[in-house]
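Welcome, and thanks for taking a look at this one with us. Here is a short guided tour to read alongside the sequence and the model.

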Amino acid sequence: MARPRHSAKAPPPAMPPGRDDHITLAVLGMALAAATVFVVARDARHDYRFYQRGFRAAVERASGTDAAKAVPAGPQQVWVSGLQRADRCVTCHQGVGWAGFEEADHPWRTHRRDLLAAHPPERFGCTVCHGGQGWALDADGAHGRVAGWSEPLMDDVAAAGLPPAATGRSLVEVNCNVCHRYESRTAGAESINRAKALVVEKGCRGCHLINGRGGLIGPDLTWAGDKNPEQYDYSRLPGRHSVLAWHVEHFKDPRALVPDSVMPNFHLAGEDTVALAMLVLSWRRGPADASLLGRTPRADAVPEVEPAEYEKMAAGPGSWFVRTGCVRCHDVSALGVKSPTPIGPDLSTAAEDTVRRFNMPIDQFLRTPVGTMRAVLTRQILLSPEQQAEAVRQLDAAYAAYRQSASNAKEGDRPGVQASRMNSIR
Ligand code: HEC
Ligand code: HEC
Ligand code: HEC
Ligand code: HEC
Ligand code: HEC
């Protein structure tokens with residue numbers, strides 16, 4: 001028998017909702033919306049208790065209830081007496097010293113071992129290396145992501161907008177070098193090591209005092225990292241305005257930021273500009289406390305020039321160039337003068353070269369120098385007219401010695417006059 005399409009006795013139509021139901025639904029809806037907002041908000045800004053619960057649960061899963069009970073609760077801190085500072089990072093980063101959480105998410109992950117072995121957290125804390133705000137108990141505050149905090153966490157947020165060579169991990173090296181600045185190499189600070197080699201290779205000390213040694217054409221860089229961010233002129237800096245970004249751009253092309261600069265464009269690779277900028281930022285005053293400096297060296301170890309070698313040069317035929325300070329930037333190989341930082345050309349042939357390079361005879365060049373030598377002869381080495389005449393005689397003598405040895409030498413065995421390490425910067 002076919003079922004009737006409509007039952008004969010249709011149920012009574014549902015009653016239209018009444019006023020009371022409207023109110024109930026509205027209240028329920030609002031409660032649901034409020035709960036959603038609450039959960040989302042809590043999820044975005046977890047309290048440290050959330051991370052402690054998470055860590056305890058992870059320890060319980062890995063090692064059982066007893067181990068989990070040993071996980072400390074409540075705010076945790078390390079008193080770094082050498083800095084008179086409390087670091088509370090371990091309140092959330094509870095896993096740093098626990099083996100077995102190498103793959104866990106932050107903040108529960110085990111820390112790299114060798115670093116904490118050399119720098120025990122109970123003495124060093126965390127912020128000496130990472131930056132951030134030690135005492136804060138919320139993540140944004142602790143990570144220094146708040147307006148006006150000058151030591152942001154060295155992480156990928158700090159590196160955003162910088163060339164790819166700058167990553168959170170590499171930026172930590174800036175802080176390493178505050179304590180390790182006088183080492184020529186520090187294991188684990190590879191960008192900084194590279195930058196230190198560049199300072200020697202490019203002859204930065206020809207123009208800059210660094211740790212008390214060097215020239216006076218550019219500013220003293222010994223504590224350049226302490227310069228106030230507001231002292232920089234950012235008006236020509238494209239992109240993000242930070243001190244690090246300023247230095248990166250300045251190393252890329254000094255005159256792009258300081259149009260009348262005599263600092264050469266070294267045509268550095270991108271990662272080298274970042275490495276040098278990091279090195280400059282690390283040249284700031286750090287902890288003075290022995291508990292944080294240990295046996296790290298407190299002064300540059302390697303003298304630029306062997307004292308014995310210097311004495312020999314100063315007593316030889318090129319003594320005028322040594323005494324007058326030209327040796328800071330120039331070799332005069334024909335007279336046995338060797339510069340620690342030869343950023344200028346070998347002066348052996350200068351008596352002739354200025355005609356070709358600057359379209360002036362040597363005496364005129366010394367009276368009206370251009371480029372770097374204008375800065376040198378107006379700021380660093382001031383020559384009286386008599387001394388200018390002496391300089392011409394000395395340069396002529398160097399050229400005579402050069403030609404003499406060149407004509408003595410067999411073909412293919414001519415004394416090599418080293419080309420300048422620097423491109424002409426005019
Ligand atoms: C309120 C909890 C909390 C505190 C306090 C805290 N952190 Fe974190 N930290 C986190 C969380 C969560 C993450 C992972 C998510 C993120 O990067 O924000 C993290 C990530 C990190 C990272 C990795 C960042 C990255 O993206 O590579 C570093 C480094 C770090 N924290 C250092 C610190 C230091 C140093 C302190 C103390 C000054 C500190 N944290 C304090 C919760 C915290
Ligand atoms: C001696 C310097 C130093 C100290 C002290 C130090 N760290 Fe680190 N930390 C580093 C370096 C360097 C790295 C990157 C390690 C690597 O090569 O993976 C790192 C990595 C981290 C990471 C992972 C970040 C990432 O990019 O993967 C966190 C989180 C972290 N440290 C937190 C801490 C906390 C919390 C403390 C304090 C208990 C601390 N660190 C103490 C140097 C240090
Ligand atoms: C021929 C001289 C000369 C050489 C070589 C030289 N500089 Fe400079 N440098 C200057 C002068 C002049 C200034 C000031 C004008 C300017 O900011 O460009 C300067 C500015 C700087 C500044 C900015 C300082 C500040 O506080 O504003 C830094 C950093 C710097 N030099 C680093 C270096 C490094 C690192 C090297 C080697 C790779 C180097 N310089 C090589 C002449 C030189
Ligand atoms: C607050 C100062 C300070 C900071 C910041 C610092 N160190 Fe050290 N570091 C020390 C001291 C002190 C020693 C132990 C030296 C001693 O007394 O023998 C040391 C030792 C070392 C050693 C030698 C370890 C050994 O067993 O021989 C290395 C490598 C090292 N640090 C690398 C780093 C790196 C990489 C960073 C940055 C991630 C860093 N340091 C940050 C002070 C510091
Ligand atoms: C701070 C570094 C510095 C010092 C100190 C310095 N010079 Fe120079 N000098 C240079 C640089 C760099 C050049 C190349 C200039 C250029 O290309 O604009 C140069 C070029 C010259 C030239 C032109 C050479 C040529 O072949 O074209 C002469 C001549 C010269 N210097 C003489 C001297 C004398 C003499 C002294 C000592 C009184 C001296 N310089 C000290 C950096 C220096």
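## Ligand shells and their surroundings

Ligand 1 is surrounded by 25 residues, and the closest of them are Cys89, Cys92, His106, Gly132 and Ala142. Keep in mind as you read that this is a predicted model. Helix H2 (48-63), H6 and helix H7 (139-142) each bring at least two residues to the shell around ligand 1.

Moving on to ligand 3, we find 26 residues around it, with Cys204, Cys207, Gly218, Ser261 and Met263 the closest. Here H10 and H13 are the helices that each contribute at least two residues to the shell.

Ligand 4 has 22 residues around it, of which Cys176, Cys179, Gly188, Gly294 and Arg295 come nearest. At least two shell residues come from each of helix H4 (113-118), helix H6 (127-130), helix H9 (168-180) and helix H14 (290-293). H9 gives the most, with 6 residues. The shell around ligand 4 also draws on two domains, taking at least three residues from each of domain 1 (48-142) and domain 2 (156-293).

The table sets out the three shells by residue class.

| Shell | Nonpolar | Polar | Charged |
|---|---|---|---|
| Ligand 1 | 10 residues | 10 residues | 5 residues |
| Ligand 3 | 17 residues | 7 residues | 2 residues |
| Ligand 4 | 14 residues | 7 residues | 1 residue |

## The chain as a whole

The chain contains 20 helices and 2 strands. Of its 426 residues, 31% are buried. Looking at contacts between residues at least 6 apart in sequence, 51% join residues at least 24 apart.

## Two helices to compare by eye

Helix H13 (residues 270-282), one of the contributors to the shell around ligand 3, is a good place to pause. Its 13 residues reach 19 Å from the first C-alpha to the last, close to the 18 Å expected at 1.5 Å a residue. Because 11 of those 13 residues are buried, H13 is largely enclosed by the rest of the structure. The buried residues include Asp272, Thr273, Val274 and Ala275, and further along the helix Leu279, Val280, Leu281 and Ser282 are also among them. What do the buried residues of H13 pack against? Their partners are H9, helix H10 (190-201) and helix H11 (243-252). Two of these have already come up: H9 in the shell around ligand 4, and H10 in the shell around ligand 3.

Now turn to H19, where Thr372, Ala375 and Val376 are buried. Viewed down the axis of H19, the buried residues fall within an arc of 100 degrees, so they line one face of the helix. Threonine 378 also belongs to this helix, which spans residues 372-380. Is threonine 378 buried or exposed? It counts as exposed, because 11 other C-beta atoms lie within 10 Å, and the cut-off for exposed is 12 or fewer. The C-alpha of threonine 378 is separated by 9.4 Å from that of isoleucine 217, although the two residues are 161 apart along the chain.

## Strand S2 and the loops beside it

Alanine 86 sits in strand S2 (residues 85-87). With 14 other C-beta atoms within 10 Å, alanine 86 is partly exposed. Setting aside residues up to four places away in sequence, alanine 86 touches Gln77, Trp79, Gly134 and Trp135. Glutamine 76 is 10 residues from alanine 86 in sequence, and their C-alpha atoms are 9.7 Å apart.

A few backbone details deserve a friendly pointer. Most residues other than glycine have a negative phi, and most peptide bonds are trans. Glutamine 84, in the loop between strand S1 (78-80) and S2, has a positive phi near 50 degrees. Glutamine 84 counts as exposed, with 9 C-beta neighbours inside 10 Å.

Histidine 267 likewise has a positive phi, near 50 degrees, and is found in the loop between helix H12 (254-257) and H13. Histidine 267 is exposed, with 9 other C-beta atoms within 10 Å.

Finally, where is the cis peptide bond with omega of about 10 degrees? It joins histidine 106 and proline 107. Proline 107 is placed in the loop between S2 and H4, and His106 is one of the residues closest to ligand 1.

How values were computed
Residues are numbered from 1 along each chain as its sequence is written. Chains are lettered from A and ligands numbered from 1 in the order in which they are written. This is a predicted model: local features need pLDDT of at least 70, side-chain atom pairs count only at pLDDT 80 or more; totals for chains, interfaces and linings use all residues. A residue is near a molecule or strand if its C-beta atom, placed from the backbone, lies within 6 Å of it. Helices (H or I, at least four residues) and strands (E, at least two) are DSSP runs, numbered from the N terminus. Ala, Val, Leu, Ile, Met, Phe, Trp, Tyr, Cys and Pro count as nonpolar, Asp, Glu, Lys and Arg as charged, and the others, Gly among them, as polar. Domain bounds come from an automatic or database domain assignment. A residue is buried if 20 or more other C-beta atoms lie within 10 Å of its own, exposed if 12 or fewer, and partly exposed in between; C-beta atoms are placed from the backbone. The arc is that of the directions from the helix axis to the C-beta atoms. The expected span of a helix is 1.5 Å times one less than its number of residues. Two residues are in contact if their C-beta atoms, placed from the backbone, lie within 7 Å.
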